[in-house]
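Visitor: I have a structure open and would like to go through it. Can we start with one residue and work outward?
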Amino acid sequence: MLDLATLAALYEKYRDDAALPVADFALGRHRFAFADQPYLMGVVNLSPDSWYRESVALSTGAAVRRGRVLHEQGAAIIDLGAESSLAHAARVDGKTQETLLVPVVRELAAAGLCVSAETYHPHVAAACLRAGAQVLNLTGTAQTEEIYRQVADFDAGIILCFVQGANVREVDRLDLDRDPIETLYEFFAPQIEAATSAGVSRLWIDPGLGFYYRNLEDSDLRIRRQMHVFLNSFRLRRLGWPICQALPHAFACFEEEVRTAEPFFAVLALLGQCDLLRTHEVAKVRGVMRTLQLMRDRSDLIKSDVVPS
């Protein structure tokens with residue numbers, strides 16, 4: 001059972017990491033001040049294989065409408081994806097991804113929204129950046145030098161995802177015998193160096209908890225690992241960049257109430273000092289975030305043992 005003693009011990013062990021700042025930046029007129037608040041990224045899936053039915057939009061018009069709704073609900077960034085990361089989902093080639101993504105990117109960007117495009121294909125990344133995407137959600141490790149240059153050329157931002165493999169659809173097995181935070185640090189440090197050396201000046205790091213590794217098929221094991229990474233995310237602040245977390249679903253625990261899973265994991269992510277939460281449930285997670293923010297803003301109530309009404 002997760003309890004206060006566990007949280008207190010974790011904080012005391014890594015207190016110095018918790019106090020470290022991360023870089024603030026702007027993307028066009030969209031300012032991200034991570035010292036002041038975390039932000040939400042809403043999801044629009046253009047693939048019919050994406051299991052989260054509420055996020056699926058099978059036409060340009062439907063995707064644009066969902067993007068606008070998510071923005072109104074509080075999403076600072078709208079993340080568009082054209083290929084599901086599920087192991088059994090159909091592969092979507094780069095040309096098809098480009099055909100699906102570009103019209104939606106163009107319309108949402110023209111409406112003034114901050115748009116992210118999820119891909120691991122360099123030519124898809126370039127097409128989306130030309131169409132107005134301000135963030136690239138990179139879900140692969142191949143041809144990264146080319147992609148980093150593209151992001152820098154367009155003065156855009158990038159989300160570096162932890163992927164043990166060439167891309168999210170070709171992942172290897174994870175090493176489950178060591179501290180995952182050290183594995184993440186060793187992965188991200190050289191990727192950050194390569195990206196910034198190529199001219200990238202705005203980035204997030206994403207531990208990749210939503211990806212489907214073959215040796216994490218046991219739901220209890222997967223959920224324990226996800227919870228551990230969420231609560232320990234603040235230890236990655238030594239890398240100097242904000243942390244993005246994709247909120248998972250934990251079917252085995254939540255069953256028919258699975259739509260409440262993301263708000264629950266949002267609490268763990270925020271306790272772990274995550275800066276950007278990728279969610280299908282923007283309205284629900286925004287309520288969680290606002291409530292926790294209220295307690296931070298009125299910490300004097302806690303210190304004086306006054307219970308707010």
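Visitor: Which residues does D79 touch, leaving out those up to four places away in sequence?
Guide: This is a predicted model. In it, D79 touches M41, G42, V43, V44, S116, A117, E118, N137 and R278, with residues up to four places away not counted.
Visitor: Which strand is D79 in?
Guide: D79 lies in strand β4, which covers residues 77-81.
Visitor: And is D79 buried or exposed?
Guide: D79 is buried, because its relative accessibility is 0% and the cut-off for buried is under 20%.
Visitor: What share of the whole chain is buried?
Guide: Of its 309 residues, 53% count as buried.
Visitor: New topic. How many cavities of 30 Å³ or more are there?
Guide: The count is three. The largest holds about 140 Å³ of space. Among its 14 lining residues, L174, P207, G208, L209 and R225 are the closest to the centre.
Visitor: Which helix gives the largest share of that lining?
Guide: Helix α8 does, with four residues. By class, the lining of the largest cavity has ten nonpolar, two polar and two charged residues.
Visitor: What about the second largest cavity, what lines it?
Guide: Its lining is G81, A82, E83, Q97, E118, T119, Y120, T139 and V168. E118 is also one of the residues that D79 touches.
Visitor: Last thing: which element has the lowest mean pLDDT?
Guide: Helix α12, residues 299-303, at 53. The highest is strand β8, at 98, and the mean for the chain is 90. Where pLDDT is low, the predicted coordinates should not be read in detail.

How values were computed: Residues are numbered from 1 along each chain as its sequence is written. This is a predicted model: local features need pLDDT of at least 70, side-chain atom pairs count only at pLDDT 80 or more; totals for chains, interfaces and linings use all residues. Side-chain values use heavy atoms; hydrogens and water are left out. Helices (H or I, at least four residues) and strands (E, at least two) are DSSP runs, numbered from the N terminus. Buried means under 20% relative accessible area, exposed over 50%, partly exposed in between (1.4 Å probe, protein chains only). Contact means heavy atoms within 4.5 Å. pLDDT is the predictor's confidence in each residue, from 0 to 100. On a 1 Å grid over the protein atoms alone, a cavity is a set of points where a 1.4 Å probe fits but cannot get out, and a pocket is an open set with protein on both sides within 12 Å along at least five of seven lines; lining residues have an atom within 4 Å of a point. Grid points are joined across faces, edges and corners, and a volume is the space filled by probe spheres set on the points. Ala, Val, Leu, Ile, Met, Phe, Trp, Tyr, Cys and Pro count as nonpolar, Asp, Glu, Lys and Arg as charged, and the others, Gly among them, as polar.
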